[in-house]
Amino acid sequence: MSSASVLFDAPGPKARLRNNIYSVVVVAAVLVVGFVLYRAFEEQGQFEAAKWKPFLEADVWSTYLLPGLRGTIVAALISIVFALVIGMVFGILRLSEHRWVRLIAGAIVEFARAIPVLILMIFLFALFSEYNLFKSGDLALAAVVTALTIYNGSVIAEIVRAGIRSLPKGQTEAAVALGMRKNQLMRLILLPQAITAMLPALISQMVVVLKDTALGYQITYVEIVRSGRQLGAAVPNMLPALIVVAIIMIALNSTLTMVATKLERRLRERKSGKGGAVLAADSIITDAAPGVDVVKRP
């Protein structure tokens, strides 16, 4: 039996024919919509060379697009790192054996997930400005990073909790029977396997962080969307400017996804090459219970 047939029944001749018809209809509809958009842009003269010529000039990139691109990347990288750390911490806290720890961590996570990111950015920007918590030039960046960290950290916490709870309970029971401490169980057994299983969801959340940096436009943060609108108003070529910004964002998201996917593939290959995340019994016992002699048999 193939691995595919385990998940679903193989389609028969009628189902394959029906799927092919649906595929042709969808492709035709996409082509029709694309042609209509192309004709509309062409009638408005959006494909004239004069409208796209400014994007070939170095001053346009150095003045508008590159500073915005740098702002997007900086905010996204800082937010991703902080969100991963906070998500790991709160994801583990939500699995604590102490009920009060689980309740407090759960309340914080649910509250952070319930607040819209844009409202959180505006509130933090006003708060930081009111109490002068950051330099004036860093207020917008601090508000963007803090809001993205709080929201995405709470989402990652749920991903971590679900990833760890999805592992077989037998591994935890075996590790406890061997005398492993809780931190060793989490660090050596559960997290290495859970991280590999969580990578697809973490990659998707990283892409969300990168795209949500555009919300900083509302609090005067200089990112790629704000720079694109300023460029469109200055040239003036608003539609071509937004198209260029969209292409840049697609390239950034594709690059992030490609890098993260390669990392995931490398981790999975390393895991399979080492025979999975199962640790040798002698290393587990020695690390968990120092002083226990392990007799190695040939």
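Helices (DSSP runs of H or I, at least four residues) and strands (runs of E, at least two) are numbered from the N terminus. The structure above is a predicted model, where local features need pLDDT of at least 70 and side-chain atom pairs count only at pLDDT 80 or more, while totals for chains, interfaces and linings use all residues. Residues are numbered from 1 along each chain as its sequence is written, and side-chain values use heavy atoms, with hydrogens and water left out.

**Exercise 1. The overall build**

Work out how many helices and strands the protein chain has, and what part of the chain is buried.

Step 1. Run through the secondary structure: the protein chain holds 12 helices and 0 strands. Written from the N terminus on, the order of elements is α-α-α-α-α-α-α-α-α-α-α-α.

Step 2. Turn to burial (buried is under 20% relative accessible area, exposed over 50%, partly exposed in between, with a 1.4 Å probe and protein chains only). Of the 298 residues in the protein chain, 34% are buried.

Step 3. Try the classes on two residues that sit in helices. Ser 129 has its place in helix α6, and its relative accessibility of 28% makes Ser 129 partly exposed. Ile 78 belongs to helix α4, which spans residues 58-93. With 31% relative accessibility, Ile 78 is partly exposed too.

**Exercise 2. Following the charges**

Find the salt bridges of Glu 158, and then say which residues are linked with Glu 158 in a network.

Step 1. Fix the rule: a salt bridge is a side-chain nitrogen of Lys or Arg within 4 Å of a carboxyl oxygen of Asp or Glu. The count by this rule is 6 salt bridges.

Step 2. Start with Arg 94, whose salt bridge with Glu 158 brings the closest N and O atoms to 2.3 Å apart. This pair connects distant parts of the chain, since Glu 158 is in helix α7 and Arg 94 is in the loop between α4 and α5 (99-114), 64 residues apart.

Step 3. Check the surroundings of that pair. Glu 158 is buried because its relative accessible area is 15%, and Arg 94 is buried at 18%.

Step 4. Now take the other partner, Arg 161: here the closest N and O atoms of the salt bridge with Glu 158 are 2.9 Å apart. Glu 158 and Arg 161 are 3 residues apart in helix α7, so about one helical turn separates them.

Step 5. Move to helix α5, where Arg 113 and Glu 110 both lie, 3 residues apart, or about one turn of the helix. They form a salt bridge with closest N and O atoms 3.4 Å apart. Both are partly exposed, Arg 113 at 37% and Glu 110 at 38%.

Step 6. Put the pieces together: a network of salt bridges links Arg 94, Glu 110, Arg 113, Glu 158 and Arg 161.

**Exercise 3. The loops and their backbone**

Locate two residues other than glycine that have a positive phi, Asn 132 and Thr 220, and give the accessibility of each.

Step 1. Asn 132 is in the loop between α6 and α7. Its phi is near 50 degrees, and a relative accessible area of 63% makes Asn 132 exposed.

Step 2. Thr 220 is in the loop between α9 and α10 (224-234). Phi of Thr 220 is near 70 degrees, and Thr 220 is partly exposed at 46%.

Step 3. Return to the loop between α6 (117-131) and α7, which also holds Gly 137. Gly 137 is exposed, since its relative accessible area is 67%.

Step 4. Compare sequence with space. Gly 137 and Tyr 221 are 84 residues apart along the chain, and 9.5 Å separates their C-alpha atoms. For Ser 129 and Ala 140, 11 residues apart in sequence, the C-alpha to C-alpha distance is 9.2 Å.

**Exercise 4. The largest pocket**

Determine which helices supply at least two residues each to the lining of the largest pocket.

Step 1. Recall the construction: a pocket is an open set of points on a 1 Å grid, found with a 1.4 Å probe over the protein atoms alone, with protein on both sides within 12 Å along at least five of seven lines, and lining residues have an atom within 4 Å of a point.

Step 2. Read off the lining: it has 21 residues, and those nearest the centre are Leu 95, Ser 96, Glu 97, Met 186 and Leu 190.

Step 3. Assign the helices: α7 (139-165), α8 (169-177) and α9 (182-212) each give at least two lining residues. The largest share, 4 residues, is from α9.
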